[in-house]
Amino acid sequence: MRISDFWRLMDDEFGPGYSRVLASDLVLTSLGGRTAAAALEAGIPPKSVWLAVCEMQDVPAERRLGRDIKPSR
């Protein structure tokens, strides 16, 4: 997963404004007490950060892959 995918998933799940607040304020205990932003900056893979956010925020398993995007024609 790329960092751009991480932010797309965050924006889709939490909204573009709140996703940034969440990433900078929510402490993820499973990632050593870092925020999502600090974890990404420390080089932790975006997928691991996304899954840690999902766990802390109780995102249902069926939404952890993001929403289906219809292919453009």
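Which residue does Glu 55 form a salt bridge with, and how far apart are the closest N and O atoms? I looked it up: the partner is Arg 64, with the closest N and O atoms 2.7 Å apart. For the record, I count a salt bridge when a side-chain nitrogen of Lys or Arg is within 4 Å of a carboxyl oxygen of Asp or Glu.

Ground rules, before I go on. This is a predicted model, so local features need pLDDT of at least 70 and side-chain atom pairs count only at pLDDT 80 or more, while totals for chains, interfaces and linings use all residues. Residues are numbered from 1 along each chain as its sequence is written, and side-chain values use heavy atoms, with hydrogens and water left out.

**Entry: other salt bridges**

The count by this rule is 5 salt bridges. I pulled up Arg 8 and Asp 12, which form one of them with the closest N and O atoms 3.7 Å apart. Both sit in helix H1, 4 residues apart, so about one helical turn separates them. My helices (H or I, at least four residues) and strands (E, at least two) are DSSP runs, numbered from the N terminus.

For accessibility I use relative accessible area with a 1.4 Å probe and protein chains only: buried is under 20%, exposed is over 50%, and partly exposed is in between. Arg 8 comes out partly exposed at 30%, and Asp 12 is partly exposed too, at 31%.

Next I checked Glu 13, which forms a salt bridge with Arg 63, the closest N and O atoms being 2.6 Å apart. Glu 13 lies in helix H1 and Arg 63 in the segment after H4, so this pair ties together parts that are 50 residues apart in sequence. Arg 63 is partly exposed, at 41% relative accessibility.

**Entry: helix H4**

I spanned H4, residues 46–57. Its 12 residues reach 16 Å from first C-alpha to last, close to the 16 Å expected at 1.5 Å a residue. The expected span is 1.5 Å times one less than the number of residues.

Which residues of H4 are buried? I get Pro 46, Val 49, Trp 50, Ala 52, Val 53 and Cys 54. Their cover includes helix H1 (3–14), helix H2 (16–25), strand E1 (27–28) and helix H3 (36–41). Contact here means heavy atoms within 4.5 Å.

I also took a C-alpha to C-alpha distance from Val 53: Thr 29 is 10.0 Å away in space and 24 residues away in sequence. Thr 29 sits in the loop between E1 and strand E2 (34–35), and it is exposed at 61%.

**Entry: Asp 58**

Most residues other than glycine have a negative phi. Asp 58, just after H4, has a positive phi of about 55 degrees. Asp 58 is exposed, with a relative accessible area of 63%.

**Entry: H1 against H2**

The axes of H1 and H2 come within 7 Å and cross at roughly 115 degrees. Axes are lines fitted to C-alpha atoms, for helices over the stretch in contact, and angles run from 0 to 180 degrees between N-to-C directions.

I listed the contact: Trp 7, Met 10, Asp 11 and Phe 14 of H1 meet Pro 16, Tyr 18, Ser 19, Arg 20, Leu 22 and Ala 23 of H2. By class that is 7 nonpolar, 1 polar and 2 charged residues. Ala, Val, Leu, Ile, Met, Phe, Trp, Tyr, Cys and Pro count as nonpolar, Asp, Glu, Lys and Arg as charged, and the others, Gly among them, as polar.

Last lookup: Tyr 18 is partly exposed at 46%, and its C-alpha is separated by 18 Å from that of Ala 39.
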